[in-house]
Amino acid sequence: GPALLFVKTSQGKEEGRRFYACSACRDRKDCNFFQWEDEKVSETRLAAREEYNRIHQPSFTHRQNVDRYKNFVLLPLSKRRFCQECQQLLLPAEWEKHLDHQFLCDITTAQLKSPSQLLYPLENKKTNAQYLFADRSCQFLLNLLIDLGFRRVLSVGTPRLHEMIQSKASQEEEFSVRSLLLDIDFRYSQFYTEDEFCHYNMFNHHFFGGEAARETCRKFLYEENGERVIMVTDPPFGGLVEALASSFKKLMAMWKETENEGHDNKEMPMFWIFPYFFESRILDFFPSFSMMDYQVDYDNHALYKHGKTGRRQSPVRIFTNLTPSMIVLPEEEGYRFCTVCQRFVSSGNQHCEICNSCTSKDGRRWKHCILCKKCVKPSWFHCDNCNCCTLQKHSCEKTDVGCFVCGEAGHKRSACPSLSHT
């Protein structure tokens with residue numbers, strides 16, 4: 001889809017040179033697209049780019065994949081094969097082309113209903129970062145959504161939540177929740193119809209299926225018969241918050257445009273699942289959001305696992321525009337309700353009388369620094385040279401060296417505002 005416009009700045013210079021780069025891939029090895037904004041591109045280069053895009057298209061369209069799936073489920077178990085190298089369901093006529101590949105045999109209906117466990121997760125941190133919810137977190141989220149009265153879930157980059165909803169809907173007659181998956185991973189088109197999955201890039205709000213896919217999303221967001229809609233999204237943590245926020249606002253605008261009275265002054269309900277240290281960035285774009293203490297964990301991530309202690313706890317949280325007191329967290333996992341803050345907090349998050357808030361972000365008990373006038377991590381100490389709390393072993397900011405990007409003092413290169421301009 002469309003590229004994003006960035007700016008490349010040099011140290012100490014206010015103005016930089018603007019360029020276009022891939023919206024989804026931050027690593028040039030994955031996508032080598034680069035173009036200066038003021039650059040004139042030759043016809044030859046444009047033609048080469050078109051040819052490159054044509055070659056890299058999927059083998060089948062979404063419609064063809066849906067038809068193939070219908071044929072696949074009619075096959076006897078002994079003839080159901082899945083190529084692990086091509087990540088593709090195989091029909092008997094295609095076996096010969098894949099003879100030298102590794103494949104799984106006897107694919108069951110249960111496996112077809114759980115594609116996120118059949119497909120290899122795409123774990124390139126700079127491109128896909130496809131870490132999948134653990135069953136504990138997935139079940140908690142679904143139960144919470146049901147308790148809150150939502151009957152439609154727009155699942156943006158949350159394939160495991162989507163498949164749990166789809167699976168329950170096919171097995172339980174009284175289960176009334178529906179889900180639409182928007183995801184950049186086109187492999188899911190092998191398992192879901194056009195009404196269940198849209199190929200979508202959350203970094204530039206691009207529907208690869210064009211206007212037909214947009215219309216599918218618009219129809220899903222229309223709240224008929226009082227079926228309330230919520231968006232649940234779990235973006236790659238290396239993604240640019242500004243680009244994500246822009247796309248999410250456009251999805252919210254689509255919801256607002258649906259012919260439903262009462263949307264005028266409201267935001268579409270949303271759960272944005274992201275690490276706690278992005279809190280200030282998310283609140284910049286969505287001031288109505290607040291962060292919940294619930295720790296989201298993942299099956300295939302070495303660090304983000306439930307049950308670990310100290311700094312090894314998962315840093316991933318739920319950001320939402322719903323009233324915090326409505327989000328009930330499981331007491332059996334150590335969460336409790338703070339009557340002053342009117343929200344559920346983790347057991348280690350003690351209420352600070354001075355800040356008048358439960359201040360911990362990472363699950364540990366934080367301490368109040370009178371000089372900084374705020375609570376800080378338990379491992380931090382106040383440094384008189386830096387005039388703030390920091391780790392005991394640190395390099396004091398005595399030198400005049402500022403940010404490597406803009407030359408300003410007070411922040412590092414990674415936090416430079418110039419880097420986030422898109």
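Modeller: Helices here are DSSP runs of H or I with at least four residues, strands are runs of E with at least two, and both are numbered from the N terminus. The model is predicted. With that rule, Q342 falls in the loop between strand 15 and strand 16 (343-345).

Colleague: What is phi of Q342 near?

Modeller: Most residues other than glycine have a negative phi. Q342 departs from that sign, with phi near 55°. Its relative accessible area is 39%, so Q342 is partly exposed.

Colleague: Where is D106 found?

Modeller: D106 sits in the loop between strand 6 (103-105) and helix 3 (109-112). Its phi is also positive, near 55°, and D106 is not a glycine. The residue is partly exposed, at 39% relative accessible area.

Colleague: How many helices and strands does the protein chain have?

Modeller: There are nine helices and 22 strands in the protein chain. The chain has 422 residues, and 45% of them are buried. Of the contacts between residues at least 6 apart in sequence, 55% link residues at least 24 apart. The surface exposed by the chain is about 22900 Å², with 50% of it supplied by carbon and sulfur atoms.

Colleague: How should a helix be read? What does helix 7 reach from its first C-alpha to its last?

Modeller: Begin with length, then look for a buried side. Helix 7 (residues 210-221) has 12 residues and reaches 17 Å, close to the 16 Å expected at 1.5 Å a residue. Its buried residues are A213, T216, C217, F220 and L221. Seen down the helix axis, these fall within an arc of 135°, so they line one face of helix 7.

Colleague: Which exposed residues does the face of helix 7 turned away from its buried side carry?

Modeller: That face carries A212 and K219. The buried residues of helix 7, in contrast, pack against five strands and one helix by name: strand 7 (150-156), strand 8 (178-183), strand 9 (197-201), strand 10 (206-207), strand 11 (228-233) and helix 8 (241-257).

Colleague: Which residues are buried in helix 6?

Modeller: Buried residues of helix 6 run from P159 through R160, L161, H162, E163, M164, I165 and Q166 to S167. The helix has 13 residues and spans 18 Å between its first and last C-alpha, close to the expected 18 Å. Its buried residues pack against helix 4 (115-118), helix 5 (135-147), strand 7, strand 8 and strand 11.

Colleague: After helix 6, where does S176 lie?

Modeller: S176 is in the loop between helix 6 (159-171) and strand 8. It counts as partly exposed because its relative accessibility is 39%. Its side chain makes a polar contact with the side chain of R151, at 3.2 Å. S176 and R152 are 24 residues apart along the chain, and their C-alpha atoms are separated by 8.7 Å.

Colleague: A loop residue can be classed by accessibility too. Is L322 buried or exposed?

Modeller: L322 counts as buried because its relative accessibility is 11%, and the cut-off for buried is under 20%. It is in the loop between strand 14 (316-320) and strand 15 (336-338). Beyond its neighbours within four places in sequence, L322 is in contact with L148, F150, I230, P269, F271, S290 and I327. L322 and E267, 55 residues apart in sequence, have C-alpha atoms 9.5 Å apart.

Colleague: What does the side chain of R364 make a polar contact with?

Modeller: The partner is the side chain of D362, at 2.8 Å. R364 is in the loop between strand 18 (357-358) and strand 19 (367-369). With a relative accessible area of 16%, R364 is buried.

Colleague: And in a helix, which residues is N65 in contact with, leaving aside its neighbours within four places in sequence?

Modeller: N65 is in contact with F60, F186, S189 and Q190. It lies in helix 2 (residues 62-74) and is buried, at 7% relative accessible area.

Colleague: Last, the cysteines. How many disulfides does the structure hold?

Modeller: A disulfide is a covalent bond between the sulfur atoms of two cysteines. The structure holds zero disulfides.

Colleague: Why is the sulfur of C86 not in a bond with that of C83?

Modeller: The two sulfurs are 3.7 Å apart, which is too far for a bond because the cut-off is 2.5 Å. The sulfur in C83 is the closest cysteine sulfur to that of C86. C369 is likewise in no disulfide, the nearest cysteine sulfur being that of C389, 3.5 Å away. As for cover, C86 is partly exposed at 33% relative accessibility, while C369 is buried at 10%.

Notes: Residues are numbered from 1 along each chain as its sequence is written. This is a predicted model: local features need pLDDT of at least 70, side-chain atom pairs count only at pLDDT 80 or more; totals for chains, interfaces and linings use all residues. Side-chain values use heavy atoms; hydrogens and water are left out. Buried means under 20% relative accessible area, exposed over 50%, partly exposed in between (1.4 Å probe, protein chains only). The expected span of a helix is 1.5 Å times one less than its number of residues. The arc is that of the directions from the helix axis to the C-beta atoms. Contact means heavy atoms within 4.5 Å. Accessible areas come from the Shrake-Rupley method with a 1.4 Å probe; for residues, only the protein chains shown count as cover. A polar contact is a pair of N or O atoms within 3.5 Å; within protein, one must be able to donate a hydrogen and the other to accept it, and residues adjacent in sequence count only if both atoms are side-chain atoms.
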